[in-house]
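Reader: I have just opened my first structure with more than one chain. Could you walk me through a few of its features?

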Amino acid sequence: MKIGETSWLADVFIGGSPLPALTATIGVYIVACWIHTLAKRSPLANPVAISIALLVTLLKLSGTPYSTYFEGARFIHFLLGPAIIALAVPLHRQMPKLRGALVPLLGGLVAGSATAAAAAIAITMLMRCPGVTVASIAPKSVTAAIAMLVSAKIGGIPSLTAAMVIVTGISGAILGSFVLGLLRVRRDDVRGFAIGVAAHGIGTARAFQISEEAGAFAGLGMAMNGILSAFILPIGFPALMGWLSS
Amino acid sequence: MNESTAVRAGSKPPTNRETAITRSLAVLLAFQCVGELIAHFTRVPIPGPVIGMVLFLCLLSAAPALAQEVEYVSRGLLNHLSLLFVPAGVGVMVLADDMKGQLLAISIAIIVSTILSIAVAALVAGALMARLERKQTRLNAPKSEQA
């Protein structure tokens, strides 16, 4: 097939209407869920990762640029807003437990959040990545909207950060259960919370597959890490860089 | 609205699901609007939906009956949270194209730091929680049972 021919096709199918992008996204997601079930709900068969892989293949084959796809699919993307508000419902249900465990959760939050940023900064610096990459990766465990704001503030590239945030979420969702299993962490509240702190919303989606309790605590971890990082990273990152270069 | 939710509270889920859907969506979107407005005017670096979620949580503590009302739609959204991340996630293809030389370093950094972060967060929170519970059982054994 010639290039001109495929982009013409893409134009007809994707160009004007959001319908193809929406249909493809939901269709691919259903296939991904089906694969997830076939794989006995293994975290390795992560529905987000499978959906993304299938859609990237589809877009490459049809010669559709990402911006054209997102123009249509943003209606699904928009629902993230109401979904975050909806997190208040499971959180509300866990409230008595949450109130009692506030100090331990804060401890885990600070430790996990600092580890995520410090390890990512250290590894990219050791592997001699440019400063822009280091700044972009620092907020990678933070939920995308906050991470992009932080990235812009500390000299990173927000769109690069967004992609790193997604990859972080998928890694956390896939590897979280194995890591926690190896460490013999069995409590759903602690499991969920740790996945939420390290792997934000995609981790929270995975935690809801474990149990509603894990999901609620993951949502809490995500929100707490977002708020903490929004205030700490813009001050801490330049300070750390200044200290390292002196 | 409060009267009707009070009547339904504790009983079976709302019989008229369609009303529940439109009402829940209205509530969720209204809180998102309020959150976005606060974020916009106070210029705090926190996204509007996160602020809206905290406010909604406060309202739910004050009026617990509302939780039942929005249950159906909330559950639906949260059960398919994965789907909502797909459109943004496909954007990773742009990263892969732009960052060819650094892909290995970035991947290693992301995977290793995420594993470490989960481990550290879980170990610290778990250890502190176990300590707190030991303390509580020592201090007042009957009260800690209710959790």
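**Two backbone angles and one contact**

Author: Happy to! This is a predicted model. A good place to begin is A:H200, which is buried, with 32 other C-beta atoms within 10 Å.

Reader: Where in chain A is A:H200, and what is its phi near?

Author: Look along chain A to residues 188–210, which form helix α12; A:H200 is in that helix. Most residues other than glycine have a negative phi. A:H200 is a residue other than glycine with a positive value, near 35°.

Reader: Does A:R41 count as buried or exposed?

Author: Start with its place: A:R41 lies in the loop between α2 (19–38) and α3 (47–62) of chain A. Its phi is positive too, near 55°. The cut-off for an exposed residue is 12 or fewer other C-beta atoms within 10 Å. A:R41 has 11 such neighbours, so this residue counts as exposed.

Reader: Which element gives the most to the side of chain B that touches chain A?

Author: The contact takes 63 residues from chain B and 93 residues from chain A. On the chain B side, the elements that give two or more residues include α2 (17–42), α3 (48–62) and α8 (103–139). The most, 24 residues, come from α8(B).

Reader: Which class has 49 residues on the side of chain B that touches chain A?

Author: Let's go through the classes on that side of chain B. One residue is charged and 13 are polar. The class with 49 residues is nonpolar.

Technical notes:
Residues are numbered from 1 along each chain as its sequence is written. Chains are lettered from A and ligands numbered from 1 in the order in which they are written. This is a predicted model: local features need pLDDT of at least 70, side-chain atom pairs count only at pLDDT 80 or more; totals for chains, interfaces and linings use all residues. Two residues are in contact if their C-beta atoms, placed from the backbone, lie within 7 Å. Helices (H or I, at least four residues) and strands (E, at least two) are DSSP runs, numbered from the N terminus. Ala, Val, Leu, Ile, Met, Phe, Trp, Tyr, Cys and Pro count as nonpolar, Asp, Glu, Lys and Arg as charged, and the others, Gly among them, as polar. A residue is buried if 20 or more other C-beta atoms lie within 10 Å of its own, exposed if 12 or fewer, and partly exposed in between; C-beta atoms are placed from the backbone.
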